[in-house]
Amino acid sequence: MSEERIGNIRRRLAEEFERHRDEILLVAPFMVAAALGSVFDVFERFANFAEQHEKLELDELFTAMLGAGLAYFVLLIRQRRLLRQALHSRNAAEARADDLIQYDTLTGLASRTALLEAIRRAQDEANDGLLSVLLVDLDRFKPINDSYGHQGGDHVLQAVAQRLLAALPDGATAGRISGDEFACILPHPAGPEAAEAMAARIRTAVAKPIQLRGGMAEISASIGIRTAPGDSCSAEQLLHSAGFARYRAKRFPERGWCHFEAELDHEMRDRAQLEIDMRAGIHRGEFVPYFQPIVDLQTGAIAGFECLARWQHPRRGLIGPNDFIPIAEEAGMIQELAFALLDRACRAARRWPPHMTLSFNISPLQLNDRWLPQRVLRHLCSTGIAPARLIIEVTESRLFGDLPTAKTILESLKNAGVQIALDDFGTGYASLKHLRELRFDRVKIDRSFIGNLDEAENGEIVRAIFRLCRGLGLPTTAEGIETAETAAPLAALGCDYGQGYLYSRPVDAEGALQLAHSSGFAPAASAVAGEIRPPLREAGSAVA
Ligand code: C2E
Ligand code: CA
Ligand code: CA
């Protein structure tokens, strides 16, 4: 027999002994007692003694005791078995709970708890040396979940986790801390630059399209970086401040990462408070529509109004949309906010002459919601506004990422009679492809071109846009007309509508109602001669 086989037999015997150790230890004393009994003829002596003292019924007593002893023995073994099974299940449950605490079940990366533990360990090792924590937040993950379902979303998270792991250098740790947030620890970085290089690597890895059932998901990541000596603050604080920096990173989508700086702390607390106020403010009706007239440049008549959101903050006063729309978008409140506003705007528009249109801005993020057309139509229906009076303004943006979905949504709105305008044309990312594929009804030329029309280059661009739109049969609106000198050449170039402080600043619903029932403005052509009437500003209406 080979040594290997002998070794195997030994190992199996040892395993069997380990498995039945308790039973063996129980049986062994009996075996020893039986052996000793047979050596000293204990049974024979007992039999003789019992025979001689028949009256004591010792043999029956012995049989009864033996039976009871055997039954007890069997019971004992059974109990031990059950106990061992229970112990085994408890150990397995403990190990599983431990796994759950240590690992994220979906991606297999370290969990938040394990990650904090790893940060603490890295801090201990680093002492006053450096340590970097990177918080990686996926942009636009929610629309992917909405479009491809949770399975699609899970697949994206798993793919991102794999890419993170592949991008990390030796010694670094990656974990998932919640939904679409990941974090990486880079111990002993050569300096902040090492963390920046790693952030760039992670972003490149994440940006590669992910194949899903039903399409390709393209995703990007915003990364907050906190590099600090190991002994400077707690693990929670490190992670927290990397999270703050991540919000700042979202403002620089081209670079996509940002370091934590002390002043960020204050800014972020402020932002977090605004987010809380905003949730409450939507329910308290603090968000109100203001309206700016859109004027027919040839006749000076008011063709309609654009709804511009304002927040009547109880402590901070009137806040403009640039300060709260991005927060609403990031915090997932944009839909709720938009429909609260649309409702109020429609109720205001009901009091205008029926030919006047209501232009309403839609965030590009909302173009990922397949139910948007139904919701919009429901609001129109409940407020009694004909779909043909509504113009949805869509800002050109790289968030047109999911072009097919945006196209389906805009088509449904158009089929219901709603018009679609392309906002801020010339500033962003809308291409001729967008103009053709999304079949806009109108184009609004951004005010950055209008304000400086006399600059040769701007003039040339605006002329080119007019030519293009005329070719495509699209009416144009010029935004940001502040002076009569700007309005006249625009009208001469064939621009259809104009909007700007020359006519009126955005006013509240009362102000808009008065303007709507006024006789409008002088035609743009006569405006240069100084004939334009000053913007209407009635007592009691607020201007913003
Ligand atoms: P926008 O859609 O391009 O709106 C025009 C902006 O230009 C408004 O700023 C308006 O007050 C301003 N404006 C109008 N005429 C003039 C002018 O003659 N000169 C100058 N300098 N500015 C003029 P506002 O109200 O601060 O809105 C900023 C942006 O916020 C809007 O740009 C729009 O993109 C967004 N926004 C406003 N309301 C909403 C909303 O309800 N939902 C969404 N998603 N976005 C909104
Ligand atoms: Ca607009
Ligand atoms: Ca605009």
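A residue is counted as near a molecule if one of its heavy atoms lies within 4 Å of that molecule. In this predicted model, 22 residues surround ligand 1, and Gln-292, Arg-310, Arg-447, Glu-482 and Tyr-501 come nearest. The shell is made up of 9 nonpolar, 6 polar and 7 charged residues. Strand 9 (302-313), helix 10 (321-330), strand 11 (357-362) and strand 13 each bring at least two residues to this shell, and strand 9 gives the most, with 4 residues.

Several polar atoms of ligand 1 can be paired with atoms of the protein. A nitrogen atom of ligand 1 lies 3.0 Å from a backbone N or O atom of Ala-309. The side chain of Arg-310 places an N or O atom 2.9 Å from an oxygen atom of ligand 1, and for the side chain of Asn-361 the corresponding distance to an oxygen atom of the ligand is 3.2 Å. On its own, ligand 1 has 800 Å² of accessible area, of which the protein covers 85%.

Asn-361 also leads on to the metal ions. The calcium ion (ligand 2) is coordinated by Glu-306 (OE), Asn-361 (OD1), Glu-393 (OE) and Asp-423 (OD), at 2.1 to 2.3 Å. Along the sequence, these donor residues follow the spacing E-x54-N-x31-E-x29-D. Asn-361 belongs to strand 11 and Glu-393 to strand 12 (residues 390-395), so this pair ties together parts that are 32 residues apart in sequence. With a relative accessible area of 27%, Asn-361 is partly exposed, whereas Glu-393 is buried, with a relative accessible area of 1%.

Glu-393 has a further partner in Lys-444, and the side chains of these two residues are joined by a polar contact of 2.6 Å. Lys-444 sits in strand 14 (residues 442-445). Its relative accessible area is 2%, so Lys-444 is buried.

A second calcium ion can be described in a similar way. The calcium ion (ligand 3) has its protein donors in Asp-423 (OD), Asp-424 (OD) and Glu-479, the last of which is listed with OE twice, and these donors lie 2.0 to 2.6 Å from the ion. The sequence spacing of the donor residues reads D-D-x54-E. Asp-424 is found in strand 13 (residues 419-425), while Glu-479 is in the loop between strand 15 (476-478) and helix 17 (484-492), so the pair ties together parts that are 55 residues apart in sequence. Asp-424 and Glu-479 are both buried. What links the calcium ion (ligand 2) and the calcium ion (ligand 3)? Asp-423 bridges the two ions, which lie 3.8 Å apart.

Turning to the chain as a whole, the protein has 19 helices and 16 strands. Its C-alpha atoms fill a box of roughly 145 × 55 × 50 Å along the principal axes. The radius of gyration is 38 Å, whereas a compact globule of 544 residues would have a value near 24 Å. Buried residues account for 45% of the 544 residues, and among them are Glu-393 and Lys-444.

Definitions and conventions:
Residues are numbered from 1 along each chain as its sequence is written. Chains are lettered from A and ligands numbered from 1 in the order in which they are written. This is a predicted model: local features need pLDDT of at least 70, side-chain atom pairs count only at pLDDT 80 or more; totals for chains, interfaces and linings use all residues. Side-chain values use heavy atoms; hydrogens and water are left out. Donors are N, O and S atoms within 2.8 Å of the metal (3.2 Å for Na, K and Ca); water is not among the atoms, so sites may look incomplete. Buried means under 20% relative accessible area, exposed over 50%, partly exposed in between (1.4 Å probe, protein chains only). A polar contact is a pair of N or O atoms within 3.5 Å; within protein, one must be able to donate a hydrogen and the other to accept it, and residues adjacent in sequence count only if both atoms are side-chain atoms. Accessible areas come from the Shrake-Rupley method with a 1.4 Å probe; for residues, only the protein chains shown count as cover. Ala, Val, Leu, Ile, Met, Phe, Trp, Tyr, Cys and Pro count as nonpolar, Asp, Glu, Lys and Arg as charged, and the others, Gly among them, as polar. The radius of gyration is taken over C-alpha atoms; the globule rule is 2.2 Å times the number of residues to the power 0.38.
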